Amino acid sequence: MKTRRNSDTDIRDFRSPKFYFPLVLVVVLFCIPLVLKDPSWLQFLILIMFYAYLTCSWNIIGGFAGQLSLGHAAYIGIGAYTSTALYLHFGLSPWLGMFVGGVFAALVAVTVGYPCFKLRGAYFALASIAFAEVIRVVTENTYHIGSIEIRGPRGLLLPPLGHSPLAFQFLNKAYYYYIILIMMLIALLVTYRISKTKLGYSLSAIRNSLEAAQSLGVNVARCRVTAAATSAFLTALGGTFYAQLILYIFPEGVMGIIFSCEIAFIAIIGGRGTVFGPILGALIYIPASELTRMYLGGGRLLGIHMVILGIIVMMVMLFQPAGVIKPLRRAYLSFSKRLEKQSQKA
Amino acid sequence: MALFEIKNLTKNFGGLRAVDNLNLFINEGGILGLIGPNGAGKTTVFNLVNGFFSPDSGGILFKGENIEGSRPDVICKKGIGRVFQLVKPFGDMTVLDNVVVGVFSRVVSAKEAKKEARSVLDFVGLLKKKDILAGSLTIADRKRLELARALATEPKLLLLDELFAGLNPKETEEAVALVQKIRDMGVTIFVIEHVMQAVMTLSERIAVLHHGKKIAEGSPQEVAKDEDVIKAYLGGEYVFA
Amino acid sequence: MEIVMQAVISGLLMGAVYGLTALGLTLIFGIMKVINWAHGSFIMIGMFAGYWLWALTGIDPYLGLIIVVPFCFVLGYFVQDILIKPVFKSEVGVREPIGVLMLTAGLWIFLDNFALLLFGAFYRTARTSYTGLTYRIGEILVSAPRLYAFLITIGSAYILYVFLKKTKLGRAIRATGQDRDTASLMGIDIYHIYNISFGIAIAITGMVGALLVPFYYVHPSAGFVFDIRAFIIVVLGGLGSIPGAILGGLLIGLIESVGAQYMTATWTQGIIFGVFLAVLYIRPSGMFGFKQEW
């Protein structure tokens with residue numbers, strides 16, 4: 001069992017592979033659309049990054065704070081519906097509506113979701129499911145809010161405008177690619193910063209022992225509120241992106257429990273509580289799911305990607321409960337150490 | 001004026017009076033030991049001081065200020081640290097990170113926090129193990145870690161709840177020396193203990209709690225000879241675990 | 001007035017069934033302190049087992065219980081032994097053991113979607129000789145299959161209660177649930193007990209599924225609907241409490257049935273979730289449950 005963790009080499013050490021490795025990766029990611037033009041491949045990569053983004057945002061609550069939320073899709077829905085409704089009714093650009101949705105989601109997280117935070121483990125998970133379902137049920141039964149159309153279960157349709165940047169719509173998938181890439185990098189940056197500063201340490205402490213954390217001066221309520229609001233805000237932004245990508249939203253599709261579960265499970269497969277775990281999880285799950293859908297899919301085999309998800313989750317829990325990132329990180333560290341030794345010898 | 005005072009403190013749980021009109025004080029730089037049979041209410045006193053419970057009546061004064069009923073994290077920031085009876089290490093964090101959490105109560109920068117954490121670990125003798133996950137430490141090291149974490153918040157008053165439980169004689173000796181070193185740094189100490197050798201050596205004064213009431217107070221020698229104390233510990237109707 | 005009475009009776013009948021679904025869940029929680037997310041999937045399995053037995057061999061669903069119940073017991077026993085036990089063992093000292101939670105959640109996703117794959121998303125029903133049969137008590141109509149389900153439910157709950165209280169095995173199970181370490185010191189093979197308890201819980205759960213076949217639709221997602229209710233009931237009644245599960249079930253059945261008179265089905269669902277959240281905020285240990293540290 002691993003009992004040591006090297007905290008000495010920092011990512012800011014410029015000569016360390018820990019720094020230029022990710023940098024190279026980022027550069028590569030930015031260059032891909034210049035080379036790859038096929039829209040279905042771009043869509044595939046967009047989906048991976050989209051789920052990675054959502055899962056990173058989820059990770060603030062589910063990983064750092066250790067509260068297993070199985071209702072995060074509620075925030076996706078809030079984001080998607082807010083920006084879409086504001087656009088359809090007031091003509092407000094989704095770029096702005098996105099942030100309105102984010103703030104709204106943060107408010108909901110803090111007021112409605114917050115009392116749930118006192119609950120632990122499975123109780124919290126149950127409450128989060130109930131929370132998301134209540135929001136979904138309410139949305140499904142709402143046809144108007146004042147004069148703003150919500151249209152209940154039929155959902156909202158965004159008029160396809162072709163290439164219309166101000167309305168957050170593009171014909172060329174590459175634009176969506178870059179947007180989600182930037183969003184994903186921002187989410188990574190945010191989670192990384194959190195993990196290295198007081199908030200991250202406090203959340204970890206709370207996760208391990210509430211009383212000890214309090215006795216050490218951690219303001220539990222404030223930490224949880226901050227974490228909840230941040231997570232909800234970021235998730236909601238993802239909801240707007242999603243709405244603008246597929247141009248049609250309806251309650252089951254953006255707030256459904258399956259969506260929530262996918263996000264949570266991806267984080268767990270990859271390694272929740274770590275910064276890069278969610279990305280890894282998305283890299284494992286989305287290709288598996290999309291490829292099975294493409295090659296084995298069709299009417300007869302519907303739901304097979306979920307079957308695969310279920311199997312992966314069980315396998316991970318049986319054999320590598322800390323997430324796939326653990327053995328990978330070990331390999332990565334020993335590899336970069338070897339590189340360091342070599343460059344020192346040179 | 002004493003640094004720390006408990007005045008007429010009372011706490012009931014349902015029908016049970018856990019703490020009954022308790023009066024205690026500790027002067028700055030002193031060490032007060034609190035002993036008594038199991039179930040006497042000692043840990044409840046700590047929970048009241050620390051902010052986990054609110055008293056039903058009475059007050060707790062620290063540096064002249066009433067702190068009863070405040071939140072635990074507020075009380076920590078005012079300068080009271082606590083070591084728990086059942087140690088609560090942050091298991092999936094490293095030893096260093098555990099202490100960093102404590103330092104963050106008064107420091108903002110992570111870099112500075114890590115530096116200070118290192119010196120605290122050095123003080124308690126855990127620096128070599130700074131990268132080990134706290135969950136895999138031995139019991140003696142876990143206690144050291146609890147101490148280090150509490151010290152990291154730079155308390156003026158330190159609450160030690162059965163620090164010496166489960167330690168072998170050598171470890172006990174080391175722990176006593178460490179506590180004395182802490183006192184010499186200017187920290188006032190409030191000890192709950194069952195391990196008599198340790199608490200008698202450390203404390204200048206001892207108070208004895210029985211059924212939530214103080215039944216004796218004085219120097220260790222005086223208390224050891226007190227009849228009520230002997231009856232409380234060895235008396236017929238009371239099962240001394 | 002009769003309408004309300006009718007609703008109350010229907011609600012109680014259905015409520016007992018809900019209570020039984022919650023029973024399996026609360027049993028697992030009470031004994032093993034584990035939440036089985038795949039609970040609904042097992043209801044669904046029982047349902048399909050009963051249905052296919054009837055569709056392929058013509059055996060009456062109630063008679064088929066003789067086959068379905070032991071089948072589910074064996075299934076539960078092995079799921080616990082092969083899947084849950086290893087994860088459970090590796091988490092014995094851990095403070096928040098979510099590994100088993102995650103495992104059962106994965107199992108849930110797997111089972112529900114696998115059933116979808118195998119059986120398709122069709123809604124099936126079993127039309128038996130008594131499917132449409134109703135009895136008349138005064139002004140009130142009582143659906144026969146629901147009545148039978150109710151009676152079998154109450155009967156089984158009682159048998160379970162007696163089993164746990166009076167038999168040696170039942171006592172061993174309760175002992176393990178109360179204090180695992182002491183029980184093992186007393187010579188009880190706790191993992192064997194866990195296997196059996198899980199088996200019993202799944203047997204009950206599967207039985208409920210089979211009981212539903214004569215009057216409810218059979219569909220891979222049917223389990224999920226009951227699952228959510230079961231969780232709500234278990235929280236309401238208190239995790240680990242058998243009477244709590246039955247009473248909680250009756251309560252939910254009532255709310256649903258009476259509520260349906262005045263508002264749409266989705267609103268009653270929403271209300272139930274709302275009540276659930278309220279209970280969680282106010283009194284997480286439920287009406288009778290153990291005060292949990294978490």
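**Exercise 1. A hairpin in chain C**

In this predicted model, work out how strands E1 and E2 of chain C pair, and what C:Gly138 does in their hairpin.

*Solution.* Start with the two stretches: E1(C) covers residues 134-137 and E2(C) covers residues 140-143. They pair in the antiparallel sense, over four bridges. To check the register, take C:Thr134 and look across to E2(C): you land on C:Ser143. Now go to the turn. Two residues sit between the strands, and C:Gly138 has a positive phi near 65° in this hairpin.

**Exercise 2. Two helices of chain C**

Compare the span of H2(C) with the expected one, then do the same for H4(C). What comes just after each helix?

*Solution.* Take H2(C) to begin with. Residues 39-57 make 19 residues, and the distance from first C-alpha to last is 27 Å, close to the 27 Å expected at 1.5 Å a residue. Of those 19 residues, 15 are buried, so "mostly covered" is a fair label, given that buried takes 20 or more other C-beta atoms within 10 Å. Just past the end of H2(C), C:Gly58 has a positive phi of about 75°.

Now H4(C), residues 98-119. This helix has 22 residues and reaches 31 Å, close to the expected 32 Å. H4(C) is mostly covered too, with 17 of its 22 residues buried. Just after H4(C) comes C:Gly120, with a positive phi of about 75°.

**Exercise 3. Who touches whom?**

Sort out the contacts among the chains, and describe the two sides of chain A that take part.

*Solution.* Two pairs of chains are in contact, and A with C shares the most contacts. Chains B and C have no contact joining them; their closest C-alpha atoms lie 9 Å apart.

Look at A with C in detail. Chain A puts in 34 residues and chain C 33 residues. On the chain A side, helices H5 (121-140), H11 (257-270) and H13 (304-319) each supply at least two residues. H5(A) gives the most, with twelve residues. By class, this side of chain A has 26 nonpolar, five polar and three charged residues.

Then A with B: 23 residues of chain A meet 29 residues of chain B. Helices H7 (198-208) and H8 (210-215) of chain A each supply at least two residues here, and H7(A) gives the most, with six residues. The class split on this side of chain A is six nonpolar, twelve polar and five charged.

**Exercise 4. Inside chain B**

Describe the domains of chain B and the sheet that holds E1(B) and E2(B).

*Solution.* The domain assignment gives domain 1 as 1-79 + 157-171 + 185-241, and domain 2 as 88-154. Their C-alpha centres lie 26 Å apart. Where the domains touch, seven residues of domain 1 contact six residues of domain 2. The domain 1 side of that contact divides into four nonpolar, one polar and two charged residues.

Next, the sheet. It is open, with four strands in the order E2-E1-E4-E5 and antiparallel pairing. E2 (16-26) and E5 (65-66) are the edge strands, each pairing on one side only. Seven bridges join E1(B), residues 4-13, to E2(B). For a landmark, find B:Phe13, whose bridge partner in E2(B) is B:Leu16.

**Exercise 5. The largest nonpolar core**

Which residues have the most contacts inside the largest nonpolar core, and which helix gives the most to this core?

*Solution.* The core has 279 residues, and A:Ile180 and A:Val313 have the most contacts inside it. Helix H1 of chain C (residues 2-32) gives the most, with 15 residues. At least three residues come from each of the two domains of chain B. As a general background, nonpolar side chains tend to be buried together in soluble globular proteins. Zoom in on A:Ile180: leaving out residues up to four places away in sequence, it touches A:Ile46, A:Met49, A:Phe50, A:Tyr53 and A:Phe241.

**Exercise 6. Two positive phi values**

Are A:Arg151 and B:Glu162 buried or partly exposed?

*Solution.* Some background: most residues other than glycine have a negative phi. A:Arg151 has a positive one, near 60°, and sits in the loop between E2 (148-149) and E3 (156-157) of chain A. With 17 other C-beta atoms within 10 Å, A:Arg151 is partly exposed.

B:Glu162 has a positive phi near 50°, in the loop between strand E7 (157-161) and helix H6 (169-184) of chain B. Here the count is 22 other C-beta atoms within 10 Å, so B:Glu162 is buried.

Key: Residues are numbered from 1 along each chain as its sequence is written. Chains are lettered from A and ligands numbered from 1 in the order in which they are written. This is a predicted model: local features need pLDDT of at least 70, side-chain atom pairs count only at pLDDT 80 or more; totals for chains, interfaces and linings use all residues. Two strands pair if DSSP finds at least two bridges between them. Ala, Val, Leu, Ile, Met, Phe, Trp, Tyr, Cys and Pro count as nonpolar, Asp, Glu, Lys and Arg as charged, and the others, Gly among them, as polar. The expected span of a helix is 1.5 Å times one less than its number of residues. A residue is buried if 20 or more other C-beta atoms lie within 10 Å of its own, exposed if 12 or fewer, and partly exposed in between; C-beta atoms are placed from the backbone. Domain bounds come from an automatic or database domain assignment. A nonpolar core is a set of buried Ala, Val, Leu, Ile, Met, Phe, Trp, Tyr and Cys residues joined through C-beta atoms within 7 Å.
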